[in-house]
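Work through the exercises below with the structure open beside you. Try each task before reading its solution.

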Amino acid sequence: MTVADVLLLALGAVAVGSGAAVVTSTHLVRSGLYLVISLGAVAGLYLILGAELLAWVQVLVYVGAVVVLLLFAVMLTRAPIGPSRDLDRPAWPALIVGGGVGLGLAVLLADAFRWTLYDRPDPGTTERMGTQIFGQWVLPFEVLSILLLAALVGAIVLSRPDIGARKGEES
Amino acid sequence: MHAVIPYVTGALLFGLGVYGVLRRRNAILVLMAVELMLNAVNLIFVTADASVRARLVGVQVEAWAYPNGRPAHSGGVFALFVIVLAAAEVGVGLAIVLQYFRMRRAVHVDEIALQHENDEQVSR
Amino acid sequence: MIAQVFGTALFGVPVLVGLLGLLLPTGDSGRYRRRRAAWLGVAGAALALADVVFLLLAADDPIEYGVEVVRFGELPVTFGVSLGPAALYVALAVTVVALAVQVYSVGYLHDDSRYAPYAAQVSIFTGAMLLVVSANDLIMLLVGWEVMGICSYLLIGHDRRLPEAPRAAVKAFLVTRVGDVGFLLGIAFLGISAGSFEISAVLASSPAHLTVALLLILAGVAGKSAQFPLHTWLPDAMAGPTPISALIHAATMVAAGVYVVFRLFPLFSRSPGALAVLGVMAAITLLLGALAATAQDDIKRVLAWSTVSQIGYMTGALAVGVPAAALFHLLTHAAFKALLFLAAGGVIHAVGTNLMSRMGGLRTHLPATFWAFVVGLGALAGLPPLAGFWSKENVLVAAAHATEGHGPAPAWVGWVVWLAALLGVGITAWYSTRLLLRTFFGHARARTEQWHVGFDDAAYEREPGAPHDPPKLMLWPVLLLTVPTVLLGLAAFLPGFRSALDLDAPHLEISIVLPLLLLALGAGSAWWLWHTAPGVDPAQALGRLRPFFAAGFRIDEIQDRLVVRPVRALAAALRLVDERVVDAAVEGTGTSTTRLGHALANAHRAALPRAVVAVFAGALVLGVVAAIYGASS
């Protein structure tokens, strides 16, 4: 058990624990905050696994933008501050399917990799990542930028105030 | 390092995400659970990047895996793309949720009418 | 060659003529059409009669030929003819009566729009009866037997305006059908034992379980010849037109059973058990018919029960082992019963009702018919020197001899038959006299307003005027039939006739005294009852027994309870099973498919969360399957 293993275990536990809290909490806002912790732990995991740029992008974009956006939406939809009782649907299909998926994947992966020891990779530099993106994956990169543009336009269109009118009532 | 640890972590996070999607009533909480799922996927990508390539000793790897004579780290690149996609998805998704909130004053997924009432009667 | 042609033409010509007649259109639009049908019918019967006469005069040896037609497995069925002299005499009787009936029907049904199919059906019936008489093969006989049954059904139900006619037709058909099942089984038994269905082969064989086969055949005989317990259809069959009653239910079809036993007698003589059963059946039928006839009000029903009783004489003669006596009585009975029925038709035509309680004093109005009735009833009662006396005498002598135990039947059978026959003579004389007195003597009944015209026959649509003798077309056949009624008995003195039938010479000895005494007693008591209370029905003397006798000893009700009701219940149950189980299964495939489709459609209309669950669950299942499959391969 190296230091890396200990750190992986610790951060993994934090990520899973706070992830569990996200999906079981009765407070809407607390779910969002638990999500921050979970994503942060994952960013830490990235660091240990040698994907530095990814870790910081995770913190900047995921934690910084996405979760903030989610919390904005929570506030805009008049979420109650205290606990809400009617936040959950029946548990058993979720337990069966979710538990099945999670445990199944875990078993699969554990069976595939066992307790094999791998060398720690070199820390990934921005330069290395940039070479990859603009070298091999430049086309997807461009498409992604178009996607972002489409998402932007779509979000604006979907936010129009008159979009709720029915077909018969449109003037 | 033992790569099984982050793998299992990713698997468990994915399971938790599925559980959350199926359990939660509030649309925004569903989106949070979807974020969990995406993160799990990213984690597995990155772990694969670190583990699978490292082990392929004595195996002739295809030329496209080593574009510049060095091993590629496509897992990380994919994870980056997933993050971008997640951002776009959350933006559009929340726009829809807010629009729905404007119409119905609530965002509970099990109250969404997938068809108009008269459409339902016609199809019957 | 000629013999074969004429032999086949004997039954072939009437059948062909009948089939042609069926092609004629019905309806009364033009006398030309009616005339065509009438000529066709009469010609068919006349040609058959000419054929028989020719064969009787010209043929020296019995005509036998057969051509194999089909094989049931290993059993050949032959088509052919076997006409000995006895068969020819029976065929003569059949054709004479058929001709008389055809001519009579032209007059009787002069206002019936469905005369053409009627005449055709009578022709087909004649052909079928001749087929039974001349068949050389049991299967051919069965064909003729069944065709007769169909024609009887069609002809009983001829007058659709009557409510009773269809029911009576179905009853006749079904009751004889019950017997026919046994008949078919018996034939199958005999054919398989003999290895062939040819009658000569069957008679030469010695089947195992002979008694069982013969008892089965007796079931068919009982049905067709209206013997106890399958006699219940005959009185109801009087719903058919009177000429049909004369032809089918007096002279020919009901005699077919007797003829079959006569043909198969070499087998019967080897089975004392079958003869004993036949004897008991005959005795019961004889007395049953005679007693029931005493209490009837309807003139045709008296004659119908009388037929039942007289056939009991024939089967009784067969049971005591003297088939010749049975055949002789068959021939005389054909003559006088047909005469009686046709004359009764004349009375009904004149008066407009069947019921004797509404007749009376017709002697002066219908003189020819009256004398015809006298002759016929005299023959029925056995008054010498009419035909019935000689044939009944033959039967009684045969039965008396059988009591000594010499014949093929046990001695006690002879006693039973002899005693029943003697008693029957007295009762027959009683009801014959009653019929004559009530119909022709006494005062004419006044026509009251409530006297609506009763059941049956062509005359009831018009208001009857003063009664008169029937028109020529109806009268001449009646007069023709009085000739054999008077003279046929004396034919027993002719050696040629005797040898043909294998009959004993009639000897008038002391034993004729007893029947004559009983006859005088019967007739005298009926006359005395009439004399003391003129106009009153002599049957009143029966007192409380009268309704019981009139209902035929309530055997109809017993049959209804034992057979008809259970069969109806079974049919209803089967219908229920067919509707609820079989149909429901078939329709159920349709409805269940539709319901499954609706259920699936509803599943597709699931709300969002349920759909998401379904997607993820499906993905999980597929993943597990892939993992297991991947692990195993």
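**Exercise 1: Two residues in one loop**

Arg554(C) sits in the loop between α22 and α23 of chain C. This model is predicted.

Task: Find what is unusual about phi of Arg554(C), then decide whether Arg554(C) is buried or exposed.

Solution.
- Step 1. Read the angle. Phi of Arg554(C) is near 55°, which is positive, and the residue is not glycine.
- Step 2. Count neighbours. Arg554(C) has 12 other C-beta atoms within 10 Å.
- Step 3. Apply the cut-off. A residue with 12 or fewer counts as exposed. Arg554(C) is therefore exposed.
- Step 4. Turn to Phe553(C), found in the loop between α22 (545–550) and α23 (555–604) of chain C. Phe553(C) also is not a glycine, and its phi is positive, about 60°.
- Step 5. Classify Phe553(C). It counts as partly exposed because it has 14 C-beta neighbours inside 10 Å.

**Exercise 2: Cis peptide bonds**

Task: Locate the cis bond that joins Phe228(C) to its partner, and the cis bond that starts at Pro384(C).

Solution.
- Step 1. The partner of Phe228(C) is Pro229(C), and omega is about 0°.
- Step 2. Place Pro229(C): it lies in the loop between α8 (210–224) and α9 (233–236) of chain C.
- Step 3. The bond from Pro384(C) leads to Pro385(C), with omega near -5°.
- Step 4. Place Pro385(C): look in the loop between α16 (367–381) and α17 (387–402) of chain C.

**Exercise 3: The core**

Task: Which residues of the largest nonpolar core touch the most other members?

Solution.
- Step 1. Start with the chain. Chain C has 24 helices and two strands. Of its 633 residues, 53% count as buried.
- Step 2. Find the core. It holds 214 residues, and Val97(C), Val132(C), Ala338(C) and Val417(C) touch the most other members.
- Step 3. Find the main supplier. Helix α15 (residues 323–351) of chain C gives the largest share, 21 residues.
- Step 4. Zoom in on Val132(C). Leaving out residues up to four places away in sequence, its contacts include Leu141(C), Trp145(C) and Tyr259(C).

**Exercise 4: Where chains B and A touch**

Task: How many residues does each chain bring to the contact, and which helix of chain B gives the largest share of its side?

Solution.
- Step 1. Chain B brings 66 residues and chain A brings 84 residues.
- Step 2. List the helices of chain B. α1 (4–23), α2 (27–55) and α3 (74–104) each supply at least two residues of the side that touches chain A.
- Step 3. Pick the largest share: α3(B), with 22 residues.
- Step 4. Sort chain B's side by type. It has 46 nonpolar, 13 polar and seven charged residues.

Notes. Residues are numbered from 1 along each chain as its sequence is written. Chains are lettered from A and ligands numbered from 1 in the order in which they are written. This is a predicted model: local features need pLDDT of at least 70, side-chain atom pairs count only at pLDDT 80 or more; totals for chains, interfaces and linings use all residues. Two residues are in contact if their C-beta atoms, placed from the backbone, lie within 7 Å. Helices (H or I, at least four residues) and strands (E, at least two) are DSSP runs, numbered from the N terminus. Ala, Val, Leu, Ile, Met, Phe, Trp, Tyr, Cys and Pro count as nonpolar, Asp, Glu, Lys and Arg as charged, and the others, Gly among them, as polar. A residue is buried if 20 or more other C-beta atoms lie within 10 Å of its own, exposed if 12 or fewer, and partly exposed in between; C-beta atoms are placed from the backbone. A nonpolar core is a set of buried Ala, Val, Leu, Ile, Met, Phe, Trp, Tyr and Cys residues joined through C-beta atoms within 7 Å.
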